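These are my notebook entries from a session spent with one model. I looked up helix packing, a few single residues and the confidence of the prediction.

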Amino acid sequence: MISDSCETLEVRQNLHEVMIHSNVSNSSHNVTKSGSCGSVSVGFPITMLVTGMVGNSLALLLVYISYRKKENKRKKSFLLCIGSLALTDLFGELLTTPIVISVYRADLTWERVDSSGNLCAFFGVCMTTFGLCSLFLASAMAIERALAITSPHWYSNHMKTSVTKQTLAVIWCLVLLFALLPIVGVGKYTLQWPGTWCFINTGDREIPGNMFFSITFAVLGIFSLLVTFSCNVVTIRGLIIRCKTKSGKSQTSKQWERLTTETVVQLLGIMCVLLICWSPLLVLMLRMISTQTSSHHCKPSLSSSSTPDRGLQVDCNFFLTAIRLASLNQILDPWVYLLLREIFLRKFCMVANAVSNCSIEGAKNTQTALDGQKENQAALCQHNDTPPALDALNKQGPDNHCHSQQ
């Protein structure tokens, strides 16, 4: 009896120690996870999905309505570019964000959603395709605007809707072929911190073609940003020069001044959004490639001894923030290219002109010029010698119903 009681007491003590050790391990795991995943929240992808769908769907609706009303082929080319960008951003949100939300619902365990690993490759292809397509479409529109302003007569004679459609198709096909390279063994898509998304592997040089693929993506992105920035600067310079040469008190001169102000503000907004959203990701990718690190190395661990070094953890969190900024560009695109011009820019320019006139009379004249916009455009369209560059400015907004008489 005594022996049995001692054995029972010993078993209870051992069981008590095991329970205490288990509780301590679980608490340390939770602390580690909460500390390392402080920037992780399912609210980010849900909010971005909803706002992205609303903005891009509204932009597509406006583009569709305007496209059916336009008779000017040059304006249709611009609307095709805007619609393609909105469609690209919308599909990018719809194909990737639901997967991220599913992983969050699975307690950040990707294997529970994708046991085969094929979904990770699909996610990486979508991220690469829609990311580069957005950048290249922005560059194509920047080039188109620069040609319309700097070479208006050449632009008027050579820019056709068929050329725009072919250019858009080439961009989509080439980017998709590039994104499929890891599927055929050139590079690799891997699960990224915090385990909710897949992207290009930046740290393993042993993988065939991995360095080539990751560096090419970053270089193409930076090149696209430089092209967009350069063309927009050329466009702004050309607008200001033309506005100065057409300065006067005529209705055409006033229209030039208004459209120039609107377009310059819009182009500055486009450049700021692109630089803020994409520069952190592309620069960080080049840095991680040079140091042979990748965010998939950063994983929450059960013990402090195997926790990644603090510098790597900071890079992982920053990489997550950078990819969120790049995704934010898909939400902001329809606003900076289309929606804000209709809602905000004209009021902004009206106030700016009123302040610059420094008098009540100047403000009244500005308001009168804005109220008579449609009558002015109708009068301009009655002549066959409408300046192509002015027409290129008019097409920036979908509510301008001025058609050429060609």
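**Entry 1: α5 against α8.** I looked up the handedness first and found that α5 passes α8 in a left-handed crossing. The model in which I read this is a predicted one. For the geometry of the pair, I noted an angle of about 25° between α5 and helix α8, which spans residues 210–245, with the axes 8 Å apart. That angle makes α5 roughly parallel to α8, because angles under 35 degrees count as roughly parallel.

**Entry 2: α5 against α7.** I then turned to helix α7, residues 161–179, which packs on α5 at an angle of about 150° with the axes 9 Å apart. Here I recorded a right-handed crossing of α5 past α7. Which residues meet where α5 packs on α7? From α5 I listed V125, T128, T129, L132, C133, F136, L137 and A140. From α7 I listed L168, I171, W172, V175, L176, F178 and A179.

**Entry 3: T128.** I took T128 from that list for a closer look; T128 lies in helix α5, which covers residues 118–150. Is T128 buried or exposed? I found a relative accessible area of 0%, so T128 is buried, the cut-off for buried being under 20%. Beyond its neighbours within four places in sequence, T128 is in contact with V175, F178, A179, Y189, F199, I200, F213 and F217. Of these, V175, F178 and A179 also appear among the α7 residues that meet α5. With Y189, I noted a polar contact of 3.2 Å between the two side chains.

**Entry 4: F223.** Going back to α8, I looked up F223, which is placed in that helix. F223 has a relative accessibility of 51% and therefore counts as exposed, since exposed means over 50%. I also noted that F223 and L135 are 88 residues apart in sequence, while their C-alpha atoms are 9.5 Å apart in space.

**Entry 5: the strands and the loop between them.** I next examined T190, which is in strand β1. T190 has a relative accessible area of 8% and is buried. Its side chain makes a polar contact of 3.0 Å with the side chain of Q192. The C-alpha atoms of T190 and S294 are separated by 9.3 Å, although the two residues are 104 apart along the chain.

Where does P194 lie? I located P194 in the loop between β1 (189–192) and β2 (197–200). The peptide bond that joins W193 and P194 is cis, with omega about 5°. W193 also figures in a pairing with Q313: the two lie 120 residues apart along the chain, with 9.5 Å between their C-alpha atoms.

**Entry 6: α10.** Q313 led me to helix α10, residues 310–357, in which Q313 lies. At 12% relative accessibility, Q313 counts as buried. L338 is found in the helix α10 as well, and L338 is buried with a relative accessible area of 2%. For L338 and I82 I recorded a sequence separation of 256 residues and a C-alpha to C-alpha distance of 7.8 Å.

**Entry 7: backbone in the α3–α4 loop.** I checked phi at D107 and found a positive value near 60° in a residue other than glycine. D107 is placed in the loop between α3 (73–105) and α4 (110–113). L108 lies in the loop between α3 and α4 too, and its phi is likewise positive and near 60°.

**Entry 8: the protein as a whole.** I counted 13 helices and 2 strands in the secondary structure. Of the 406 residues, 47% count as buried. Among contacts between residues at least 6 apart in sequence, 79% join residues at least 24 apart.

**Entry 9: confidence.** I looked up the pLDDT last: the protein averages 75, and 66% of the residues score at least 70. Over residues 395–406 the pLDDT is below 50, and this stretch has 42 contacts in the model beyond near neighbours in sequence. The pLDDT also stays under 50 over residues 1–38, for which I noted 11 contacts beyond four places in sequence. Where pLDDT is low, the predicted coordinates should not be read in detail.

Note on methods:
Residues numbered from 1 in each chain as written. Predicted model: local features only at pLDDT ≥ 70, side-chain atom pairs only at ≥ 80, totals over all residues. Heavy atoms only, no water. Helix = DSSP H or I, 4+ residues; strand = E, 2+ residues; numbered from the N terminus. Buried < 20%, exposed > 50% of the residue type's maximum accessible area, 1.4 Å probe, protein only. Polar contact = N/O pair within 3.5 Å; in protein donor to acceptor, adjacent residues only side chain to side chain. Contact = heavy atoms within 4.5 Å. pLDDT = per-residue confidence, 0-100. Axes fitted to C-alpha atoms, helices over the stretch in contact; angles between N-to-C directions. Parallel < 35°, antiparallel > 145°, perpendicular 65-115°, else oblique. Left-handed = near helix turned anticlockwise from the far one by under 90°.
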